[in-house]
Structure formats: C-alpha cells, structure tokens
Amino acid sequence: TDENCSTCPDDVGTCTACKAGFGKDLDNNDACTQCTTTGCSACADDNATCTACTNGNAVSNNFCCTDENCSTCPDDVGTCTACKAGFGKDLDNNDACTQCTTTGCSACADDNATCTACTNGNAVSNNFC
C-alpha cells in the first residue's frame, strides 16, 4: 500500500525495502518517505540517515558534500577538509578539490600542486614523479 515501497514480501502492509531516494520514517510506522538529507540518493533503513549521495558525492557526517572530488566535509556541505585520492585543494580556486597538477601523481598534500605519492610506486623528487 506504500507507493514508495519496492519490496513487501510477506504482508502487503509491511515494507522491507524502499525505492531509491526513500527510507523508512521511524516516526511514521516505517512508511517510506523521501530522504531528508539534501542530495541524498539512499537512506534505506532510516530516512534521516544518508548512506549514498547523488552523482557519487561523498557522505560525511550525514551531509552530501557539494564538491564531487571531496571525501570529507564534516562541518557543512561546502567546506571540504579532505579530497579524494589524486585530488588536492586548488588554492587559487576557493579550495575546490581538483586533480593533482604533477604528472603521474596519485596523491597530493593539502594543495593540488604538491605531490606526495606517485602512481606505480615511483618516488617523488622535487615535486616530480
């Protein structure tokens, strides 16, 4: 009977899985309601707890980071504290996470222009791989 329910195997009134973008509302008899976190695409067991964000953006402290290359935004969605592997903060672009500028770099420091690790285990020397 719940239009946002995708699976109710035993009892028509008992939903065991909600459709994408919906989760169980623990305050409303487990009815499937839209995820409450902005940009959230999955919140299956609790509509207030995001487990995946649209476009693959990172979930951090129940937020969906707005920077697609950010891995951690603990205080608010627009403030990234750590970038995904191969990305670093672009100090000239409002600290947006952008690809490391050194060719062959797999990890950068706090900024995208300082390489800390190279692909295939090659050594970093004077910011070159």
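**Figure 1. The hairpin of β11 and β12, with N94 at a positive phi.** Let us start at the turn: five residues sit between the two strands of this hairpin, and N94 takes a phi near 55°. This is a predicted model, so please read each view here with that in mind. Strand β11 covers residues 87–90 and strand β12 covers residues 96–99. The two run antiparallel and are joined by four bridges. To find your way along the pair, look for F87, which stands opposite Q99 in β12. Most residues other than glycine have a negative phi, and most peptide bonds are trans. That makes the backbone at N94, with its positive phi, a good place to pause.

**Figure 2. The hairpin of β3 and β4, with N29 at a positive phi.** Here the strands are β3, residues 22–25, and β4, residues 31–34. Four bridges join them, and the strands run antiparallel. G23 has T33 as its bridge partner in β4. Between the strands there are five residues, and N29 takes a positive phi near 55°. In a regular strand the side chains alternate between the two faces of the sheet.

**Figure 3. The hairpin that joins β13 to β14.** Six residues make the connection in this hairpin. Strand β13, residues 105–108, pairs with β14 in the antiparallel sense, and the pairing has three bridges. A handy pair to centre the view on is C108 and C115: C108 stands opposite C115 in β14.

**Figure 4. N120, in the segment after β14.** Strand β14 spans 115–118, and N120 lies in the segment that comes after this strand. Although N120 is not a glycine, its phi is positive, at about 60°. Is N120 buried or exposed? With a relative accessibility of 78%, N120 counts as exposed.

**Figure 5. S60 and N61, at strand β7 and the loop that follows.** S60 is found in strand β7, which covers residues 59–60, while N61 belongs to the loop between β7 and β8 (63–64). S60 has a relative accessible area of 8% and is therefore buried, the cut-off for buried being under 20%. What does S60 touch, leaving out residues up to four places away in sequence? The list is C65, S71, T72, C73 and P74. N61 has a relative accessible area of 57%, so N61 is exposed. The backbone of N61 also deserves a look, as phi is near 55°, a positive value in a residue other than glycine.

**Figure 6. C80 and the residues around it.** C80 has its place in the loop between β9 (70–72) and β10 (82–83). At 10% relative accessibility, C80 counts as buried. Leaving aside residues up to four places away in sequence, C80 touches C70, S71, T72, C73, K89 and C97. For a sense of scale, take C80 and A117: they are 37 residues apart in sequence, and their C-alpha atoms are 21 Å apart in space.

**Figure 7. A44, in the loop between β5 and β6.** The strands on either side of this loop are β5 (40–42) and β6 (52–53). A44 has a relative accessible area of 43%, and so is partly exposed. Which residues does A44 touch, not counting those up to four places away in sequence? They are F22, G23 and K24. Of these, G23 is the residue whose bridge partner in β4 is T33. A44 and F63 are 19 residues apart in sequence, with 16 Å from C-alpha to C-alpha.

**Figure 8. Stepping back to the whole protein, with its 14 strands and zero helices.** The pattern along the sequence is β-β-β-β-β-β-β-β-β-β-β-β-β-β. The C-alpha atoms fill a box of roughly 65 × 30 × 15 Å along the principal axes. The radius of gyration is 20 Å, whereas a compact globule of 129 residues would have one near 14 Å. Of contacts between residues at least 6 apart in sequence, 10% join residues at least 24 apart. Of the 129 residues, 31% count as buried. The accessible surface comes to about 7700 Å², and carbon and sulfur atoms account for 45% of it. If you plan to look at charges, the protein has 4 positive and 18 negative side chains, and the centres of the two sets lie 5 Å apart.

Key:
Residues are numbered from 1 along each chain as its sequence is written. This is a predicted model: local features need pLDDT of at least 70, side-chain atom pairs count only at pLDDT 80 or more; totals for chains, interfaces and linings use all residues. Side-chain values use heavy atoms; hydrogens and water are left out. The radius of gyration is taken over C-alpha atoms; the globule rule is 2.2 Å times the number of residues to the power 0.38. Buried means under 20% relative accessible area, exposed over 50%, partly exposed in between (1.4 Å probe, protein chains only). Contact means heavy atoms within 4.5 Å. Accessible areas come from the Shrake-Rupley method with a 1.4 Å probe; for residues, only the protein chains shown count as cover. Lys and Arg count as positive and Asp and Glu as negative; His and the chain ends are not counted. The place of a charge is taken as NZ of Lys, CZ of Arg, CG of Asp or CD of Glu. Two strands pair if DSSP finds at least two bridges between them.
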